[in-house]
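Please open the structure in a viewer and keep the sequence at hand. The tour below proceeds by selection, with a note at each stop on what is to be found there.

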Amino acid sequence: MRHYFVPSEHKAEDYFEFSAEFMGKRFTFKSCPDVFSKNELDYGSLVLVKSIIENKECFSDKIMDMCCGYGSIIE
């Protein structure tokens, strides 16, 4: 088994989706086998997303959680 941060090329068939409920809403995420927390939202991402939602008036554009697995993208 390789470590999740080893660079690799992914084919379309490598990707899969999973759903998670967060703050009363259901979200769908696209992931692949070689990323951190590939089947669920990790605690750090949950804290980040909750903070962004609770303080959305402070943000004026899109936000991307970079360099942490697949990253949570919020519009």
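**A guided tour of the model**

For the opening stop, select glutamate 21 and arginine 26; arginine 26 counts as exposed, at 54% relative accessibility. The model under view is a predicted one. Glutamate 21 is likewise given as exposed, with a relative accessible area of 57%. These two residues, glutamate 21 and arginine 26, form a salt bridge in which the closest N and O atoms are 3.8 Å apart.

**The overall plan**

Next, show the whole chain as a cartoon. The protein contains one helix and four strands. Read from the N terminus, the order of these elements is β-β-α-β-β. If the view is then coloured by accessibility, 24% of the 75 residues count as buried.

**The helix**

Select residues 43-54, which make up helix 1. How many residues does helix 1 have, and what distance does it reach from its first C-alpha to its last? Helix 1 has 12 residues and reaches 16 Å, close to the 16 Å expected at 1.5 Å a residue.

Within this selection, highlight Ser45, Val49 and Ile52, the buried residues of helix 1. Turn the view to look down the axis of helix 1: the buried residues fall within an arc of 65°, so they line one face of the helix. A general rule helps in reading such a view: an α-helix has 3.6 residues a turn, so residues three or four places apart point the same way.

Now move to the N-terminal end of helix 1 and select aspartate 42 together with glycine 44. Aspartate 42 caps this end, with a side-chain oxygen 3.1 Å from the backbone nitrogen of glycine 44.

Then select lysine 50 and glutamate 54. Where do these two stand relative to each other in helix 1? Lysine 50 and glutamate 54 are four residues apart, and therefore about one helical turn separates them. They form a salt bridge, and its closest N and O atoms are 3.9 Å apart. Lysine 50 counts as partly exposed, at 39% relative accessibility, and glutamate 54 is partly exposed too, with a relative accessible area of 46%. The count of salt bridges in the model comes to two.

**Strand 2 and a surface patch**

Select residues 25-31, which form strand 2. Phenylalanine 27 is found in this strand and counts as partly exposed, at 33% relative accessibility. Add Met23 and Ile53 to the selection and display the surface: with Phe27, they make a nonpolar surface patch of about 240 Å².

Serine 31 also belongs to strand 2. Is serine 31 buried or exposed? At 2% relative accessibility, serine 31 counts as buried, because buried means under 20% relative accessible area. Add lysine 38 to the view: its backbone oxygen lies 2.9 Å from a polar atom of the serine 31 side chain.

**Two pairs separated in sequence**

Select phenylalanine 16, which has its place in strand 1. Phenylalanine 16 is partly exposed, with a relative accessible area of 26%. Then add proline 33: the two residues are 17 residues apart in sequence and 8.6 Å apart in space, C-alpha to C-alpha.

For the final stop, select lysine 11, in the segment before strand 1 (16-22). Lysine 11 counts as exposed, at 54% relative accessibility. What is the spacing between lysine 11 and cysteine 32, in sequence and in space? They are 21 residues apart in sequence, with 9.7 Å between them from C-alpha to C-alpha.

Technical notes
Residues numbered from 1 in each chain as written. Predicted model: local features only at pLDDT ≥ 70, side-chain atom pairs only at ≥ 80, totals over all residues. Heavy atoms only, no water. Patch = residues over 30% accessible without salt bridge, like charges linked within 9 Å, V, L, I, M, F, W, Y side chains within 5 Å. Areas by Shrake-Rupley, 256 points an atom, 1.4 Å probe, with all protein chains shown as cover. Salt bridge = Lys/Arg side-chain N within 4 Å of Asp/Glu carboxyl O. Buried < 20%, exposed > 50% of the residue type's maximum accessible area, 1.4 Å probe, protein only. Expected span 1.5 Å × (residues − 1). Arc of directions from axis to C-beta. Polar contact = N/O pair within 3.5 Å; in protein donor to acceptor, adjacent residues only side chain to side chain.
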